[in-house]
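Thanks for asking me to look at this one with you. Here are my notes, written for someone opening the structure for the first time.

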Amino acid sequence: MAVAATTKTGARLSRAGRRPPTPAWVGTVPFFAYVGVFLLWPTGIVIVDALKNPNGAWTFSNISELGNPLVRGYFIGSFKLALLSSVAGAVFGAILAYAVAAGDPDGTVRRLYIAVSGVLAQFGGVTLAFAFLVLIGPVGLLFHASWYFEFPWGIGLIYAYFQIPLMVLVFLPAIDGLKVQWREASENLGASAWQYWRHVGGPLLMPAFLGATLLLFANALSAFATIQAWENQIAYVVPQQISTALSSEVGLTNVNVADLLALGMVIMVAVVMTGYALLQRRAARWLR
Amino acid sequence: MAAVTSLGETPIAAPAGRPRGMQASRRRRLNLFRYVVFTVFGLFFLLPLLAMARFSLEGANLGTWSVTAWRQIASYQNTGIPPLLSSIEITLELAVITCAVMLVLLVPTMVWVRLRVQWLARTIEFICLLPLTIPAIVLVVGLGEIYNKIRHFSLSALMLFWVYVILALPYAYRALAAGLSAIDVTTLSEAARSLGASWFTVMVRVIAPNMRAAILNALLLTAALVLGEFTIAYLLLYTNLQVELYSISRSTPNAGVLFSTSLAALLFAFVLLMILSFAGRRRGRG
């Protein structure tokens, strides 16, 4: 702090007499201008337009459209898919993370799994849908799953492909935080493996596990590319319906449908991410 | 939000260590469990890729082998869609431009905030992480109006870089923040300034070389993100690689070129992120 103060006075002195010093925050103006135009302004447009009718007049009756059975259907679809893929991804990802953590901390297996997880967690584009189509789709090489085009099972399985690696990345530090001494202590006191997990390991990992599940949930909510490439005919989830609404204003009348759905999504994701942040803070207590 | 955490920021530091005093029977059971888990998950992750590889090598008749689909990457053109090669070019150019703009925007701002405007640090962090809560599919709804204005000046798909920088903010920010906190920015810049360096020299020749690994992380994560982006390009009616692949799949669902290009793009991203993982390791040790 003291050093920073010296710099400030030094800079001021050298310029004194020529012109009044420019405040330091001016240096951040380009950044704020950029995010203002391309992040904050579009978000503002979504929120404002969601509360207006197409003629530009303010109205709050749009909000009640969120209760419209049609609209509610998309949110329920999104919720189902996100729940299925996040719970499945979290459980299987935790098992895999535990298997990885149990090995040599500097070994090849661990490095390989972390690197591969990093790649696959990003691999959520349209290509993922192609890969599963030729594996278990109607022309599949492995087998022809009759449920491949069933919502949410088929797409849920595809989502697991990027949810499990994401879980490994997020959850591995938590498992690494479990100290060997805790296990040894409980064994010395006569605890069985089950008792250790029930009373020590489980409760310690629970906040991190729930937090990671919420993160996966938000991740599934906002995914669009894969499900769009999976099945183009029917819109099951909110992002697909936003896409349809952007290209045609059919269905609801007098409402800026896309904006309204988008606002609903922001609220959903914000709630989930707040929960994630809170749980993460709780989990961090043991991970020092 | 493709992924919120990426391997660049995974703590690679050693955990508590291999349990030493473990009983032999428990160790055996644990090892068995690990091998079963690795096999099952390995198959789950590998099989879709293998199926894609097999389809990309399918000959004219079912069950035959051929490399036609891989050759087609350079020449494929479907009616009504721009040639495949042009969209590959656009995507690569977008990756380069986005990386450059991201660096120029973010590095000086973050260094400056650390040196002179500490009170803005929390605000900047909040804004940089905001795109995680505002998914691309939401952002694109509001972007329509802004891109209508941009189209007055240029119709090129390269204009997508404006919003791609925003999408990359959370990942780039966290990578750069990790690098910045590892060096003493104040001392470095004061030393350079007192020796007469300009702020430009401080950034380019003093700060940047000291956080090379973090900058590399940020660049690779940004590039990987741009290579896989579909939502915004598709809804703003631009054609990048992913949109092109999507269009091809809609008109010719079984085109072999679909699988060869997808696989090639994936392998490319894989190489990028492998570089990242090894660069990150070196930094962790040194």
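**Notes on the two chains and how they meet**

1. Chain A has 288 residues, and 45% of them are buried. Please keep in mind as you read that this is a predicted model. Chain A holds 12 helices and zero strands, so you can expect to read its fold in terms of helices alone. Written along the sequence, its pattern is α-α-α-α-α-α-α-α-α-α-α-α.

2. Contacts in chain A often link distant parts of the sequence. Taking the contacts with a separation of 6 or more, 77% are between residues 24 or more positions apart.

3. Now turn to chain B. Of its 286 residues, 42% are buried. Chain B also has 12 helices and zero strands, and from the N terminus on its elements read α-α-α-α-α-α-α-α-α-α-α-α. For contacts in chain B between residues at least 6 apart in sequence, the portion joining residues at least 24 apart is 79%.

4. A good place to begin looking inside is the largest nonpolar core, which has 171 residues. The members that touch the most other members are A:A97, A:M167, A:V168, A:F171, A:A262, B:A172 and B:L176. Helix α7 of chain A, residues 153–176, gives this core its largest share, with 16 residues.

5. Which residues does A:A97 contact, once its neighbours within four places in sequence are left aside? They are A:M167, A:V168, A:F171, A:L172 and A:I175. Two of the names to look for again are A:M167 and A:V168, as both are also listed with A:A97 among the core members that touch the most others.

6. Helix α7(A) has a packing partner worth viewing up close. Helix α5 of chain A, residues 108–122, packs with α7(A) at an angle of about 135°, and their axes are 8 Å apart. Because of that angle, α5(A) is oblique to α7(A). Their crossing is left-handed.

7. To find this packing on screen, select A:Y113, A:S117, A:G118, A:L120 and A:A121 on the α5(A) side. Across from them, α7(A) contributes A:Y161, A:F162, A:P165, A:L166, A:V168 and A:L169. By class, the residues of this contact comprise nine nonpolar, two polar and no charged. A:V168 also belongs to the group in the core that touches the most other members.

8. Next comes the meeting of the two chains. Chain B brings 79 residues to the contact and chain A brings 78 residues. On the side of chain B that touches chain A, at least two residues come from each of α1 (24–56), α3 (84–115), α5 (136–153), α6 (161–181), α7 (185–194), α10 (231–235), α11 (241–251) and α12 (256–285). The largest share of that side, 14 residues, belongs to α1(B). Sorted by class, that side of chain B has 56 nonpolar, 16 polar and seven charged residues.

9. How does α1(B) cross helix α4 of chain A, residues 69–101? The two axes come within 9 Å and cross at roughly 130°. It follows that α4(A) is oblique to α1(B). This crossing, too, is described as left-handed.

10. The residues involved are easy to pick out. In α4(A) they are A:I95, A:L96 and A:A99, and they meet B:F33, B:R34, B:V37, B:F38 and B:F41 in α1(B). This contact is made up of seven nonpolar residues, no polar and one charged.

11. Two backbone details deserve a look. Most residues other than glycine have a negative phi, and most peptide bonds are trans. In chain A, however, a cis peptide bond joins A:F151 and A:P152, with omega about -5°. A:P152 sits in the loop between α6 (126–136) and α7 of chain A.

12. The second detail is in chain B. B:L237 is not a glycine, yet its phi is positive, at about 65°. You will find B:L237 in the loop between α10 and α11 of chain B. It has 13 other C-beta atoms within 10 Å, so B:L237 is partly exposed.

13. Finally, is A:P203 buried or exposed? A:P203 counts as exposed because it has 11 C-beta neighbours inside 10 Å. This proline is located in helix α9 of chain A, residues 193–222. From A:P203 to A:L172 the distance is 16 Å, C-alpha to C-alpha, with their positions 31 residues apart in sequence.

Conventions
Residues are numbered from 1 along each chain as its sequence is written. Chains are lettered from A and ligands numbered from 1 in the order in which they are written. This is a predicted model: local features need pLDDT of at least 70, side-chain atom pairs count only at pLDDT 80 or more; totals for chains, interfaces and linings use all residues. A nonpolar core is a set of buried Ala, Val, Leu, Ile, Met, Phe, Trp, Tyr and Cys residues joined through C-beta atoms within 7 Å. A residue is buried if 20 or more other C-beta atoms lie within 10 Å of its own, exposed if 12 or fewer, and partly exposed in between; C-beta atoms are placed from the backbone. Helices (H or I, at least four residues) and strands (E, at least two) are DSSP runs, numbered from the N terminus. Two residues are in contact if their C-beta atoms, placed from the backbone, lie within 7 Å. Ala, Val, Leu, Ile, Met, Phe, Trp, Tyr, Cys and Pro count as nonpolar, Asp, Glu, Lys and Arg as charged, and the others, Gly among them, as polar. Axes are lines fitted to C-alpha atoms, for helices over the stretch in contact, and angles run from 0 to 180 degrees between N-to-C directions. Angles under 35 degrees count as roughly parallel, over 145 as roughly antiparallel, 65 to 115 as roughly perpendicular and the rest as oblique. A crossing is left-handed if the near helix is turned anticlockwise from the far one by less than a right angle, and right-handed if clockwise.
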